[in-house]
Structures are given as structure tokens and as C-alpha cells.
Amino acid sequence: MKDWKNTLISPNTPVFEALKVIATGSLRIALVVDEDMKLLGTVTDGDVRTLLLRNGALDTPVSEIMSRNPMFAAEDEDRESIALRMTQRDILHLPIVNARGQLVGMHVLKDLVAPPKRDNLVVLMAGGLGTRLRPLTDSCPKPMLCVGGRPILETIIRTFQKHGYNNFVISLNYMPEKIQEYFKDGSQLNASITYVHEHTRLGTAGALSLLPQRPELPFFVMNGDLLTKVNFNQLMEFHMEKAAPATMCVREYDMQVPFGVVSTSGNDLLSIDEKPLHKFFVNAGIYVLSPVALDYIPQNTMFDMPDLYKVLLADNLVPTCFPIREYWMDIGRMEDFARAEMEYHVQFSSGND
């Protein structure tokens with residue numbers, strides 16, 4: 001791996017600089033070393049997201065968030081055993097260290113073996129009416145609207161496949177035949193696609209009560225009208241690391257008050273905050289659920305995903321949040337549809353192969 005040296009940072013490097021290394025490099029990791037090239041730790045996308053969720057400052061030194069006991073490979077270890085260890089532990093990158101503890105290289109799993117196929121189920125919610133996109137949706141379900149020359153739902157499926165996920169269930173309600181006729185059993189995409197039918201509207205979580213078999217592994221649930229470049233492997237790894245009953249992808253949403261906000265005490269004016277900017281995390285419509293979460297979903301009842309998270313919280317099963325920094329577009333309105341069409345070939349330039 002030729003570009004591993006581009007991932008090197010010092011323990012005093014601010015997190016925002018490490019984030020540039022992670023975001024711009026192909027390895028998606030930063031390696032923390034001292035002056036003698038001794039490996040001190042690693043910083044990943046998940047470490048940065050955890051800091052953001054704690055409202056930590058991006059000028060924090062990476063020494064405060066890095067993993068201090070990273071796994072590594074010995075310089076003389078054979079590739080076969082390294083590939084086996086990385087595959088068994090689901091490790092994508094493994095630093096190489098010499099007998100003096102100095103970093104001398106990096107193993108990348110995809111360079112050692114073929115991309116691993118993952119057994120986790122992907123449930124795609126495609127039953128929405130798409131009322132805000134009429135008249136486009138009068139004769140076509142919203143997930144089948146074409147953006148960039150192919151249905152939104154196909155782009156979603158292909159994006160999951162690039163991360164090794166090929167086992168899909170699509171939840172149908174509005175114009176189900178349009179979706180089934182197009183995808184059939186998924187074999188034309190080298191995928192397995194089955195369907196569940198909401199004969200009455202059940203909501204994002206309620207539709208999961210229709211799954212014919214209970215998944216044994218954590219599984220994805222995603223709205224069928226989203227385009228995103230989120231790394232689904234990083235999302236799954238984050239969920240597994242946190243051992244959470246459920247993980248919700250969230251996006252930062254900024255709202256600026258167009259007036260000066262006044263603080264008062266009785267009739268006294270205490271301060272004026274001119275056009276303050278408020279930041280919130282909002283639900284991004286992408287989830288990972290552990291199988292235990294299914295126990296909290298009622299049968300044949302309208303039950304949206306926020307309802308599920310509320311009952312989990314009420315039972316002291318604390319979900320976690322995964323902040324999305326990657327491209328994300330909810331195609332719910334005409335202006336969103338037009339913007340997605342303009343951005344598609346920039347964001348999904350490899351989507352037509």
C-alpha cells in the first residue's frame with residue numbers, strides 16, 4: 001500500500017486536521033506516531049463521530065480520542081494469516097510494525113482478499129405515496145423515479161452492494177407491481193430480493209413485523225427515497241462496537257432565526273442575540289437494528305421508527321446515533337428531485353458501471 005504515509009499524524013494534531021486525512025485519503029484512517037515512527041494509536045471516522053456526539057471541539061488533540069491499543073501485524077507475518085485474521089475480526093486496515101515497534105506499512109483487506117460478502121439483511125421501505133412529488137408519482141411509486149438515468153431504489157441497492165450487502169427485503173404498498181416487475185428476484189443485479197406487502201399502512205417500524213424470518217444478525221432499515229454515500233460498513237461497525245439495540249443515522253441541521261432574539265427578566269432587557277444560529281441533529285431515515293428491537297414492534301399496527309426508539313428508551317435500552325457527514329439527499333419535494341438530478345453524476349460517477 002503506497003499511500004499509507006499520507007495517514008501519519010502526531011498525537012498533538014487537532015481532530016479537524018485528522019478528519020481531513022481520513023476524509024481525503026483512500027484508507028479512511030489516521031495513524032498516530034511519535035518522532036521515532038512508533039505507533040501510538042489510530043483515529044477512525046467512528047472516533048470523530050463519537051467526539052461530535054459529545055459536542056467535543058474539533059481542535060481537540062487526537063491523543064484524547066485515539067484508540068491507544070491498535071491491532072497490528074508483524075513485519076514478517078505471512079499474508080495468508082493476516083488476511084484470515086482481518087477477515088475473522090472484520091478489520092479493514094492493519095498497520096505493519098517492525099521488531100522495534102516502528103510503523104513500516106499498512107495492510108488493506110481489499111488488497112489481500114476479494115471484497116467480503118456480508119450476510120446482514122437490508123430492509124428498504126418503498127411503500128410511500130409520494131404525495132409531494134405529484135404528478136410524477138401519479139403513475140410511478142416514488143422509489144422508482146429515475147435520477148441519473150436509473151430508479152432511486154436501484155441506486156440504493158447498488159450502493160449497498162458495493163459494501164458487500166446483497167440480501168434485500170423491500171416493503172411495498174403503493175403500486176407494488178411496478179417495483180416487483182422491475183427488480184423481480186434481484187438476480188439481474190446479482191442480489192437476492194424478496195418482498196413484504198403492507199395491505200394497510202404500518203409505518204417504517206411496523207412493516208418489520210411482516211418479515212417472514214427473524215434476522216439473526218443486526219440489519220439495516222432505510223427509506224427508499226434517499227440517495228446517500230454513507231459508508232454502510234462503517235455504520236455497521238459503529239453499531240456493533242456500541243452494542244446498541246438500535247442505531248439511528250442523524251444529520252446536523254442548522255436553523256437561523258431571522259430576527260434579534262431578546263432575553264428578558266420581567267420588563268428588563270438582559271441581552272440581544274442578533275439572528276442566532278441553532279444547530280440540531282435530525283433523523284436521516286437510515287437505521288441499524290439488532291434483532292432484539294423486533295420484540296418491541298407490535299403486529300399489524302401503525303408504528304413509525306420514532307415510536308420504536310421511544311419504547312426502547314422507556315425500557316432502558318439506549319439506542320445510539322451515527323452522525324452522517326457524507327452526501328445525503330431526501331427526495332421528498334420537487335426541488336429535492338431537481339437538485340438530486342443535477343448532483344447525481346458528480347456524487348455517483350461510478351454508478352453507471
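This is a dialogue about reading the fold, the sheets and one buried strand of a predicted model.

Visitor: Before looking at any detail, what is the chain built from, and how many helices and strands are there?

Guide: The model is a predicted one, and in it the chain holds ten helices and 19 strands. The C-alpha atoms occupy a box of roughly 70 × 65 × 45 Å along the principal axes.

Visitor: What does the radius of gyration say about the chain?

Guide: The idea is to set the value beside the one expected for a compact globule, which for 353 residues would be near 20 Å; the chain has 23 Å, and this agrees. Burial can be read alongside, since buried residues make up 49% of the 353 residues, and of the contacts with a separation of 6 or more, 67% join residues 24 or more positions apart.

Visitor: And what does the surface expose, and how are the charges placed?

Guide: About 18,000 Å² is exposed, with carbon and sulfur atoms supplying 52% of it. There are 34 positive and 43 negative side chains, and the centres of these two sets lie 3 Å apart.

Visitor: How should I read a sheet, and which strands lie at the edges of the sheet β1-β2-β3?

Guide: Strands of a sheet pair through backbone hydrogen bonds, in either a parallel or an antiparallel sense. The order β1-β2-β3 describes an open sheet of three strands with mixed pairing, in which β1 (8–9) and β3 (39–44) are the edge strands, each pairing on one side only. Between β1 and β2 (residues 29–33) there are two bridges in the parallel sense, and I9 has V32 in β2 as its bridge partner.

Visitor: Where is there another open sheet of three strands with mixed pairing?

Guide: Such a sheet has the order β4-β5-β6, and its edges are β4 (73–74) and β6 (103–108), each paired on one side only. Here β4 runs parallel to β5 (residues 93–97), joined by two bridges, and A74 stands opposite V97.

Visitor: Turning to a helix, which residues of α2 are buried, and what covers them?

Guide: A helix can be read by asking which of its residues are hidden and which elements hide them. In α2 (residues 45–53), the buried residues are D45, G46, D47, V48, R49 and L51, and their cover includes α1 (15–24), β3, α8 (232–242) and β18 (320–323). Just after α2, N55 takes a positive phi of about 60°.

Visitor: Why is strand β12 described as largely enclosed?

Guide: Four of the five residues of β12 are buried, so the strand is largely enclosed by the rest of the structure. F219, which lies in β12 (residues 219–223), is buried with a relative accessible area of 0%. Outside its sequence neighbourhood of up to four places, F219 touches ten residues in the list L121, V123, L208, M236, Y287, V288, L289, S290, P291 and L294. One of these, V288, is 69 residues away in sequence, yet its C-alpha is 5.5 Å from that of F219.

Visitor: With which strands does β12 pair, and in which sense?

Guide: Strand β7 (residues 122–125) runs parallel to β12 and is joined to it by four bridges, V122 having F220 as its bridge partner. Strand β17 (residues 277–289) runs antiparallel to β12, also through four bridges, with M222 standing opposite I286. For the side chains, a general rule helps: in a regular strand they alternate between the two faces of the sheet.

How values were computed
Residues are numbered from 1 along each chain as its sequence is written. This is a predicted model: local features need pLDDT of at least 70, side-chain atom pairs count only at pLDDT 80 or more; totals for chains, interfaces and linings use all residues. Side-chain values use heavy atoms; hydrogens and water are left out. The radius of gyration is taken over C-alpha atoms; the globule rule is 2.2 Å times the number of residues to the power 0.38. Buried means under 20% relative accessible area, exposed over 50%, partly exposed in between (1.4 Å probe, protein chains only). Contact means heavy atoms within 4.5 Å. Accessible areas come from the Shrake-Rupley method with a 1.4 Å probe; for residues, only the protein chains shown count as cover. Lys and Arg count as positive and Asp and Glu as negative; His and the chain ends are not counted. The place of a charge is taken as NZ of Lys, CZ of Arg, CG of Asp or CD of Glu. Two strands pair if DSSP finds at least two bridges between them.
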